[in-house]
Amino acid sequence: MQEPKIKFNNVTKIYKTNRQIITAVKDVSFNISEGDFVSLIGPSGCGKSTVIRLLDDIIKPTHGEIYIDGEGIPKRKKIPSEQIKKMGFIFQQPNLLPWMTVRQNVALPLRVFGLKGEKWESNVDRLLKMVGLTEYSDAYPTEISGGMVQRVGVIRAMVHEPEILLMDEPFGALDEMTREQLNIELLDIWRETKKTIIFITHNVEEAILLSSKVYVMGTNPGRIVSEVDIDLPRPRTLDMIITKKFIDFEKKLTDLIGEIDLSKIK
Amino acid sequence: MSKKERLVGIIAPVVMFITLFALWEIVLKVFEIPRWILPGPLAIFKSMFVDFADFWPHIWLSIITIFTGFAIAVPIGILLAALITNFKLLNAALDPYIIFLVVTPLVTLVPLLMFFLGFGINVRIIAVIIQSFAIVNMNSATGFNNVERVRLELMQSLRANRVQAFSRVIFPSSLPDVFTGIKLCGIFATTACVSVEYVGGNEGLGSQIIKHTQFMGTEKAFACIFFVAIIGISLYSLISLAEKKIIKWSI
């Protein structure tokens with residue numbers, strides 16, 4: 001069997017404060033193959049954001065191991081730069097820096113990673129063109145619309161050519177139409193670039209439309225409760241949403257999430 | 001802001017200024033208050049022009065003291081804030097003393113400073129620095145500590161080192177707080193300068209206010225007070241202007 005791109009092995013994250021001990025995620029294990037599009041779905045507080053922050057070394061796990069391409073992320077030391085460069089993180093809020101222009105924001109990872117040269121600079125222009133923002137490259141984030149801002153957030157995470165994209169409810173704050181539009185654009189990007197994507201959402205429809213596999217997460221403690229393979233044909237289109245198969249998946253996932261909510265009440 | 005609003009913003013204070021000083025003159029006339037107790041604004045303005053040559057060396061000394069002290073205090077305050085917010089131990093060690101410097105009125109230290117170091121301008125500049133750097137430090141440190149967490153996570157996701165995170169995210173994010181500190185520093189510097197000049201020596205506007213008051217030269221004392229006000233307002237306006245030029249995104 002081919003080595004998984006990403007591997008979580010019994011990963012647990014416990015936060016200790018003066019008053020209480022919170023288990024953010026407990027014994028999370030999964031493998032993700034190269035080029036897969038996987039969603040994590042679940043109610044708030046299930047630790048789905050924690051999972052990708054652990055992978056991106058923003059936080060360190062309390063127990064367990066995390067591997068990228070078979071290489072473990074160091075448990076105490078900072079993640080090596082070869083590993084971090086394999087990943088791009090897309091935030092829930094676009095999280096652009098308001099004192100930088102659109103172009104400067106997109107180029108930020110290049111500056112921090114110290115990637116210089118014609119190749120990287122042309123990457124910025126190519127990505128801006130891909131999402132139709134070339135003419136806004138000198139605008140400031142406050143001068144463009146919410147959808148455009150989120151597109152900038154997406155391509156900023158791609159500018160250093162990572163193999164893995166970590167997306168933390170990236171389109172959650174957008175209106176329905178813009179969100180659908182961006183989902184389709186994201187599918188196009190994924191098909192063209194063959195990146196491995198972990199997508200976090202609480203929107204069932206979005207999860208089914210985009211992913212090959214959906215992990216359903218539960219709360220108290222945060223953990224993976226079930227996984228559902230979405231074997232809808234590719235390429236996915238918006239009109240699939242009304243097909244029977246899609247609706248069956250929707251029902252199945254909604255039920256699974258409903259069970260979590262019920263168990264919480266008990 | 002519309003053109004009309006901007007015009008109102010300029011005219012209203014000018015009208016207020018004229019009204020206030022007109023009232024002042026009228027009150028003096030109606031109640032027949034003698035000039036050596038409270039001179040009218042016209043007499044004060046006249047003194048500001050007529051005796052300007054006498055005032056100028058003192059004005060200049062005060063300006064030098066305030067601006068030099070301010071120019072040294074601001075970078076010290078910001079640099080120290082950057083250090084203490086990055087190193088917890090340093091923060092724990094220095095924090096109580098910085099609060100001590102902010103809350104202790106400097107005039108209490110000045111006689112001792114002069115006893116140690118004499119009456120020259122250097123002592124006055126040192127006093128201005130001590131009194132005004134702490135407020136920049138406090139405000140900057142607040143700003144550095146309150147950067148949105150997702151912005152810090154962004155830098156972590158790029159494995160940025162401390163210097164990169166500070167220069168690219170933390171410092172620009174906290175500029176509004178830093179500028180609040182710089183504005184207060186300008187005010188503290190002016191106050192500190194005049195306070196020190198009150199206490200010792202015969203140079204600077206503060207010393208002249210004391211001297212003219214003692215010799216019933218109330219007009220001249222007021223003229224000096226007005227000069228202090230002009231210096232203070234100018235410094236404040238310069239800082240505000242710089243703030244508007246630099247922080248375009250927060251408006």
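Two residues are taken to be in contact here if their C-beta atoms, placed from the backbone, lie within 7 Å. In this predicted model, that criterion gives C193(B), setting aside its neighbours within four places in sequence, contacts with S62(B), T65(B), I66(B), G69(B), R124(B), V128(B) and G206(B). C193(B) itself sits in helix α9 of chain B, which covers residues 175–199, and it is buried, because 32 other C-beta atoms lie within 10 Å, where 20 or more are required. L205(B) follows 12 residues away in sequence, and its C-alpha is 9.0 Å from that of C193(B).

From this site in chain B we can turn to where the two chains meet. The contact draws 13 residues from chain B and 18 residues from chain A. On the chain B side, the elements that supply two or more residues are α7 (149–157) and α8 (162–173), and α7(B) makes the largest contribution, with six residues. By character, the chain B residues that touch chain A comprise seven nonpolar, three polar and three charged.

Chain A, for its part, contains an open sheet of six strands with mixed pairing, in the order β6-β7-β8-β3-β9-β10. Its edges are formed by β6 (87–90) and β10 (223–229) of chain A, each of which has a single partner strand, so one side of each is left without a neighbour in the sheet. From one strand to the next, the twist averages 15°. At the β6(A) edge, the partner is strand β7 of chain A (residues 164–168), which runs parallel to β6(A) and is joined to it by four bridges; within this pairing, F89(A) has L166(A) of β7(A) as its bridge partner.

Conventions: Residues are numbered from 1 along each chain as its sequence is written. Chains are lettered from A and ligands numbered from 1 in the order in which they are written. This is a predicted model: local features need pLDDT of at least 70, side-chain atom pairs count only at pLDDT 80 or more; totals for chains, interfaces and linings use all residues. Ala, Val, Leu, Ile, Met, Phe, Trp, Tyr, Cys and Pro count as nonpolar, Asp, Glu, Lys and Arg as charged, and the others, Gly among them, as polar. A residue is buried if 20 or more other C-beta atoms lie within 10 Å of its own, exposed if 12 or fewer, and partly exposed in between; C-beta atoms are placed from the backbone. Two strands pair if DSSP finds at least two bridges between them. Axes are lines fitted to C-alpha atoms, for helices over the stretch in contact, and angles run from 0 to 180 degrees between N-to-C directions.
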